[in-house]
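I am opening a notebook on a structure that is new to me, and I want to write down what I look up in the order in which I look it up.

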Amino acid sequence: MRELDQDELIDRWTLVGDELELVSGKRKATRLGFALLLRFYTEWGPFPRSRSELADDAVEYVVRQVRVAPTDIAFYEWSGRTIEYHRAQIRMALRFRE
């Protein structure tokens, strides 16, 4: 995966407005995972299927915004009920239907 420049990080990975409110109720790994899902979905449409689809630069940039340890991403579950619930929350907030 190529390195992202500062403008790309700001443009595509900055949490804005209501997004900050959506993320604020989450804790640690779930806050980071949710924020990454939200920004990825907003920019590209589908949700990422795994951590490998996310540029390291993007993860580091979002880590600073949500104030969690970068290692917390290792604890985010990429399958199961939590991520399904996160996807549903994001679709509802953005007014998209599955």
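The entries below go through helix packing, the nonpolar core and a few single residues.

**Entry 1, before starting.** I note that this is a predicted model, and I keep that in mind for each value I write down.

**Entry 2, H1 against H4.** I began with helix H1, residues 6-13, and helix H4, residues 56-66, whose axes lie 10 Å apart and pack at an angle of about 60°. That angle makes H1 oblique to H4, and I recorded their crossing as right-handed. Which residues make the contact between H1 and H4? On the H1 side I found Gln6, Leu9, Ile10 and Trp13, and these meet Asp57, Ala58, Tyr61, Val62 and Gln65 on the H4 side. Sorted by class, the residues of this contact are six nonpolar, two polar and one charged.

**Entry 3, H1 against H3.** Next I turned to helix H3, residues 28-44, whose axis comes within 9 Å of that of H1, with a crossing at roughly 95°. H1 and H3 are therefore roughly perpendicular to each other. Here Asp11, Arg12 and Trp13 of H1 make the contact with Leu36, Arg39, Phe40, Glu43 and Trp44 of H3. The class count for H1 with H3 is four nonpolar, no polar and four charged residues.

**Entry 4, H3 against H4.** I then looked up H3 and H4, which pack at an angle of about 125° with their axes 10 Å apart. These two helices are therefore oblique to each other, and their crossing is right-handed. From H3 I listed Arg31, Leu32, Ala35 and Leu36, which meet Ala58, Val59, Val62, Val63 and Val66 in H4. By class, the contact of H3 with H4 divides into eight nonpolar residues, no polar ones and one charged.

**Entry 5, the buried side of H4.** Having met H4 twice, I asked which of its residues are buried. Ala58, Val59, Tyr61, Val62, Val63 and Val66 are buried in H4, and what covers them includes H1, helix H2 (18-24) and H3. Just after H4, I noticed that arginine 67 takes a positive phi of about 55°.

**Entry 6, the largest nonpolar core.** Which residues touch the most other members of the largest nonpolar core? The core has 28 residues, and the ones I was looking for are Trp13, Leu32, Leu36 and Val66. The elements that give two or more residues to this core are H1, H3, H4 and helix H5 (81-93), and H3 gives the most, with eight residues. I followed leucine 36 further and, leaving out residues up to four places away in sequence, found that it touches Trp13, Leu54, Ala58, Val59, Val62 and Ile73.

**Entry 7, tyrosine 76.** My last stop was tyrosine 76, which is found in the loop between H4 and H5. Is tyrosine 76 buried or exposed? Its relative accessible area is 5%, which is under the 20% cut-off, so I entered tyrosine 76 as buried. Not counting residues up to four places away in sequence, tyrosine 76 touches Ala29, Thr30, Gly33, Phe34, Leu37, Ile83 and His86. I also wrote down its C-alpha to C-alpha distance to arginine 51, which is 9.0 Å in space, while the two residues are 25 residues apart in sequence.

Terms used: Residues are numbered from 1 along each chain as its sequence is written. This is a predicted model: local features need pLDDT of at least 70, side-chain atom pairs count only at pLDDT 80 or more; totals for chains, interfaces and linings use all residues. Side-chain values use heavy atoms; hydrogens and water are left out. Axes are lines fitted to C-alpha atoms, for helices over the stretch in contact, and angles run from 0 to 180 degrees between N-to-C directions. Angles under 35 degrees count as roughly parallel, over 145 as roughly antiparallel, 65 to 115 as roughly perpendicular and the rest as oblique. A crossing is left-handed if the near helix is turned anticlockwise from the far one by less than a right angle, and right-handed if clockwise. Contact means heavy atoms within 4.5 Å. Ala, Val, Leu, Ile, Met, Phe, Trp, Tyr, Cys and Pro count as nonpolar, Asp, Glu, Lys and Arg as charged, and the others, Gly among them, as polar. A nonpolar core is a set of buried Ala, Val, Leu, Ile, Met, Phe, Trp, Tyr and Cys residues joined through side-chain atoms within 4.5 Å. Buried means under 20% relative accessible area, exposed over 50%, partly exposed in between (1.4 Å probe, protein chains only).
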